[in-house]
Amino acid sequence: MTDLYQSGTRNLSFRVEMLDGFVSKGELETESFSISMDSTAEIKFSASLTVADNPNMDWQKNRIKITMIDSGAEYVLGTFLPQYVSRQYTSNRGLLSVEAYDLSILVQMDCITSRLSIAQGEKYMDIIQELLVSAGVQNVDAVASDAVFLTARDDWDIGTPKIQIVNQLLQEIGYAEMTTDSYGTVVLTPYQEPSPENIKQQYDDGTASVLLPEVSSTNNAYEIPNIFLGIVSNPDLDSAFTYQYVNEDPASKTSTIYTGCNKVMVLEVDNIASQADLETYVRKIAYEQMQGEETVEIQTAISQHGVRDVIALSTQAVSGIFEEISWQIDSSSLTMSHTLKRTITL
């Protein structure tokens with residue numbers, strides 16, 4: 001495949017492999033594929049493929065790994081577990097249409113079959129790791145946490161998907177939702193606000209990667225609170241945790257000083273690991289709620305991207321630091337489309 005873009009030509013090829021666990025069983029003959037990331041979805045990555053059937057592929061348990069080869073360098077774009085397979089015919093040739101998802105699907109499909117009981121003092125990360133392993137997750141890359149449960153817990157009904165429990169516990173210790181890397185490893189990291197310190201990608205005018213920026217923005221200043229009150233009220237706690245964040249910035253048009261009004265959002269939480277984690281949670285919600293939003297659509301050459309990558313964009317149309325909320329790779333057009341968002345102080 002040849003990818004034509006502003007500065008010249010680059011030769012690309014793709015390899016779509018069958019995996020038994022993480023061991024290759026050979027390649028799938030592939031007509032086309034697309035890969036998508038949606039940061040708002042429980043399962044962040046998905047893939048759609050049109051492939052020739054292969055007797056070596058076990059569609060019930062084998063995985064699919066998609067790799068891009070660019071001038072001899074290899075970049076894994078994603079590892080997926082097929083969920084829907086149907087047969088189609090093109091020019092009298094039988095092909096399979098496959099919908100597949102990242103390995104978080106294992107944790108979404110697997111549900112607890114008895115009450116989950118957690119003793120006071122147990123570590124959050126130990127319970128999270130146990131849930132992941134019990135769902136069939138083999139590899140986990142987790143930033144260590146010493147957070148412990150302040151009370152005994154049995155909050156979840158039989159039949160609750162394990163991914164819901166994992167994400168709830170991650171929120172209670174100030175972590176982002178679980179996701180996976182391109183190799184299928186589950187990744188658990190603390191939440192970080194977008195900033196110049198954690199930029200993952202940069203696209204500038206004059207580089208071959210940026211093809212088309214389109215900008216839209218929204219202004220919701222009248223709906224934005226300026227006081228955020230977090231309350232953890234649990235009868236099993238010795239005392240309730242509270243934390244109040246107030247927007248008193250005179251430069252902000254939604255602040256208490258500028259508006260002369262107290263617009264309060266109460267955030268009630270049943271459980272939290274510590275006072276510091278409550279403050280992280282409240283400030284995260286405040287950061288999200290206090291801002292207007294500007295959305296940018298761009299197309300680029302295909303490259304490796306993750307979930308909510310921080311993007312530095314510099315074009316004639318728009319410049320700034322954005323968070324990537326979705327992207328899609330299309331093997332037919334050899335392009336990658338992105339939806340970027342940044343917050344705007346109002």
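A residue counts as buried when its relative accessible area is under 20%, as exposed when that area is over 50%, and as partly exposed in between. This cut-off will be useful at several stops of the tour, which goes through a predicted model.

**The whole chain**

Begin with the full protein in view, drawn as a cartoon, where the secondary structure comes to 5 helices and 20 strands. The C-alpha atoms fill a box of roughly 70 × 55 × 30 Å when this is taken along the principal axes. If you colour by accessibility, keep in mind that 47% of the 346 residues count as buried. Among contacts between residues at least 6 apart in sequence, 67% join residues that are at least 24 apart.

**Two loop residues**

Select Arg308 next, which you will find in the loop between strand 17 (291–300) and strand 18 (310–314). Its phi is positive, at about 55°, although Arg308 is not a glycine. Most residues other than glycine have a negative phi. Why does Arg308 count as partly exposed? The reason is that its relative accessibility is 32%, and a value that is neither under 20% nor over 50% falls in between.

Move from there to Ser71, which has its place in the loop between strand 6 (63–70) and strand 7 (73–90). Ser71, again a residue other than glycine, has a positive phi near 55°. Ser71 counts as exposed because its relative accessibility is 68%, and the cut-off for exposed is over 50%.

**A buried lysine**

Now select Lys162, which lies in helix 3 (residues 162–172). Is Lys162 buried or exposed? With a relative accessible area of 9%, Lys162 is buried, since the cut-off for that class is under 20%. To see what surrounds this lysine, show the residues that Lys162 touches, leaving out those up to four places away in sequence: they are Val107, Asp110, Cys111, Ile112, Leu131, Ser134 and Ala135.

**An open sheet and its helix**

Turn next to an open sheet of 3 strands, whose order is 15-14-16 and whose pairing is mixed. Strand 15 (241–246) and strand 16 (264–269) are the edge strands, each of which pairs on one side only. Neighbouring strands of this sheet are turned against each other by 15° on average, with direction ignored. Strand 14 (residues 227–232) pairs with strand 16 in the parallel sense, over 6 bridges, and if you select Val232 you will see that Val269 in strand 16 stands opposite. Adding helix 5 (residues 275–289) to the selection shows a helix that lies across strand 14, strand 15 and strand 16, running at about 30° to strand 15.

**The cavities**

The last stop is inside the protein, where the count comes to 2 cavities of 30 Å³ or more. Which residues line the largest cavity? Select Tyr124, Phe149, Leu150, Thr151, Arg153, Leu237, Asn271 and Ile272 to show that lining, which encloses about 40 Å³ of space. By class, this lining has 5 nonpolar, 2 polar and 1 charged residues.

For the second largest cavity, with a volume of about 30 Å³, select Phe22, Leu103, Leu106, Val137, Gln138, Asn139, Gly184 and Val186, which line it. The lining of this second largest cavity has 5 nonpolar and 3 polar residues, with no charged residues.

Conventions: Residues numbered from 1 in each chain as written. Predicted model: local features only at pLDDT ≥ 70, side-chain atom pairs only at ≥ 80, totals over all residues. Heavy atoms only, no water. 1 Å grid on protein atoms, 1.4 Å probe; cavity = no way out; pocket = protein on both sides within 12 Å on 5 of 7 lines; lining within 4 Å. Points joined across faces, edges and corners; volume = space filled by probe spheres on them. Nonpolar A, V, L, I, M, F, W, Y, C, P; charged D, E, K, R; others polar. Helix = DSSP H or I, 4+ residues; strand = E, 2+ residues; numbered from the N terminus. Buried < 20%, exposed > 50% of the residue type's maximum accessible area, 1.4 Å probe, protein only. Pairing = 2+ DSSP bridges. Axes fitted to C-alpha atoms, helices over the stretch in contact; angles between N-to-C directions. Contact = heavy atoms within 4.5 Å.
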